[in-house]
Amino acid sequence: MKVIHESSRQKVRKSLFANVVNVILSTLTGILIPKCLGATQYGYWQMMALFMTYLPYLHLGWVDGMFLRLGEEKEGQVDYPLLHSEFLWFCLYDILVSGIFFLCALASHHADIRLVLACTAIECLVLLPRVYFQYVLQATDKVGLYARNFVFERILISSSQIVMLALGKGDFLHVALCEIGGKAVMLLAILRYGREVFQAPRVGVKQAWTSIGEDFYRGFKVTFATISGMLLLGIVQFSIEYTWPIETFGMVSFALVALICTVQFLNQFSVVLYPLVVQSPHEKYGKLAHNSGLSTMKITALVGLFYFPLEALMQWFLPEYHQAIWYISCLLPVIFFESRTTPVLNTFLKASHQENKLLSINVVMMVVSGWTTILTVLVRHDLTMVIFSIVFLLGIRMLLTEYMVWKHVHIINTSDLCWLLVLATASLVGYAVIDGLEGWLLYVGVFLAFVLVNRKDLRQAHLAS
């Protein structure tokens with residue numbers, strides 16, 4: 001595996017290309033799967049998707065610590081013998097985690113839930129090793145290899161799911177098997193790029209365990225900050241699954257999946273931004289934060305601009321999901337908030353070794369999410385209130401993170417923050433409150449004002465600055 005150094009612009013282009021393909025294919029399958037599965041089977045598919053959301057983080061900090069360590073090392077200093085030994089131990093850990101899911105499946109008395117847990121256990125076996133090597137590729141400046149693997153995986157999974165649906169296999173199990181099979185094939189493919197790891201001699205057990213302990217110590221704050229941040233939504237999703245019928249859970253999940261896919265696309269900016277920030281002097285942080293913030297805001301603003309025709313297409317193709325499509329309109333501000341929080345603000349806190357601040361913010365917001373869930377789900381039993389509580393929670397989390405960046409990293413971007421809040425508010429009022437052509441024209445007016453006022457900065461903004 002030849003050491004490849006890529007410029008920031010090359011990494012941006014390759015990462016963006018991979019995620020554009022992911023968004024297109026995920027959108028296509030995201031429309032076809034609920035159309036063909038029906039509300040009940042789609043609900044069980046979304047239950048598995050909810051579990052799969054948390055699977056990549058069951059390393060509990062191990063892989064995040066490794067990523068932070070490798071990201072700070074210079075080119076040519078990668079300790080491949082250590083990576084070889086760590087990966088073997090990681091595979092044993094993966095088998096243990098998967099076994100826990102199998103035991104949960106055996107203990108379940110509900111046939112469909114038992115099937116969901118069994119599929120999740122198999123998914124775990126192929127997903128965690130793939131996550132390990134994807135992080136290795138990203139941290140060692142091989143974003144191109146990572147991007148190609150990611151693109152081929154999405155093409156393989158989406159095409160197999162479309163073929164399966166075309167053959168009339170409209171049930172949760174066949175869709176899940178396509179997902180698992182595609183990831184298993186691409187795990188084998190990504191391991192091929194790890195020849196330099198596997199050909200290296202293994203280090204001793206003591207050295208490997210010492211490094212693993214250091215990775216856990218460095219990464220657990222990042223991982224638990226991520227998990228607690230995800231549980232901000234997860235608590236709400238699990239409560240909906242527990243309280244309302246599986247069909248209702250599927251409707252809400254349909255809305256969240258559409259938004260999470262876009263957020264995951266934007267989160268790839270952090271893959272490029274993190275090594276750029278840690279290798280830059282502190283006096284450049286302000287410019288980097290401004291440019292990266294505008295780069296992500298350009299994309300989210302365009303998503304809001306083109307949402308109106310996309311909404312019309314979904315209403316025509318999925319008339320039975322009318323309520324879920326309205327939920328998407330209510331949740332659009334989430335894209336604006338998350339496009340700033342994870343790829344930009346969190347990256348600067350990590351680069352400044354402020355992982356404990358990330359953890360504290362997300363733990364606090366997770367507790368707040370628990371209380372709002374009790375109020376909206378158990379006390380009021382109002383699904384509309386539940387949806388708007390998600391927007392409220394993620395907006396507050398963004399503002400708290402912005403404050404932490406201002407206080408501990410000493411970066412102030414008041415103008416960027418104000419424009420983001422204006423665009424988010426315009427999307428909510430335009431699409432969820434006014435609705436229709438009038439609402440879209442309102443958003444277009446705000447969008448044009450944003451472009452005109454910031455046209456010079458938008459033209460110059462890029463992550464490689």
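Val-78 sits in the loop between α3 (62–72) and α4 (80–107). In this predicted model, the residue comes out as buried, since its relative accessible area is 18% and the cut-off for that class is under 20%. Val-78 also has a partner from far along the chain to look at: Val-197 is 119 residues away in sequence, yet the two C-alpha atoms lie 9.8 Å apart in space.

Moving on to the helices, α2 covers residues 39–54. With 16 residues at 1.5 Å a residue, this helix should span 22 Å, and the 23 Å between its end C-alpha atoms agrees with that. Much of the interest in α2 lies in its list of buried residues. An unbroken run goes from Tyr-42 through Gly-43, Tyr-44, Trp-45, Gln-46, Met-47, Met-48 and Ala-49 to Leu-50, and Met-52 and Tyr-54 are buried as well.

Helix α12 (residues 285–305) tells a similar story on length: its 21 residues reach 30 Å from the first C-alpha to the last, close to the 30 Å expected at 1.5 Å a residue. As for burial, α12 is mostly covered, with 15 of its 21 residues buried.

What does α12 pack against? One neighbour is helix α13 (residues 307–317), with the two axes 5 Å apart and at an angle of about 45 degrees. That angle makes α12 oblique to α13, because it falls outside the ranges for roughly parallel (under 35 degrees), roughly perpendicular (65 to 115) and roughly antiparallel (over 145). On the α12 side, the contact involves Val-303, Gly-304 and Leu-305, and these meet Tyr-307, Phe-308 and Pro-309 in α13. Sorted by class, the contact has five nonpolar residues and one polar residue, with no charged ones. The polar one is Gly-304.

Then there are the cysteines. How many disulfides does the structure hold? The count is zero. Cys-36, for instance, is in no disulfide, and the nearest cysteine sulfur, belonging to Cys-178, is 12 Å away; a pair would have to come within 2.5 Å to qualify. Cys-36 counts as partly exposed, at 37% relative accessibility. Cys-91 is in no disulfide either, its nearest cysteine sulfur being that of Cys-124 at 11 Å. At 24% relative accessibility, Cys-91 also counts as partly exposed.

Notes:
Residues are numbered from 1 along each chain as its sequence is written. This is a predicted model: local features need pLDDT of at least 70, side-chain atom pairs count only at pLDDT 80 or more; totals for chains, interfaces and linings use all residues. Side-chain values use heavy atoms; hydrogens and water are left out. Helices (H or I, at least four residues) and strands (E, at least two) are DSSP runs, numbered from the N terminus. The expected span of a helix is 1.5 Å times one less than its number of residues. Buried means under 20% relative accessible area, exposed over 50%, partly exposed in between (1.4 Å probe, protein chains only). Axes are lines fitted to C-alpha atoms, for helices over the stretch in contact, and angles run from 0 to 180 degrees between N-to-C directions. Contact means heavy atoms within 4.5 Å.
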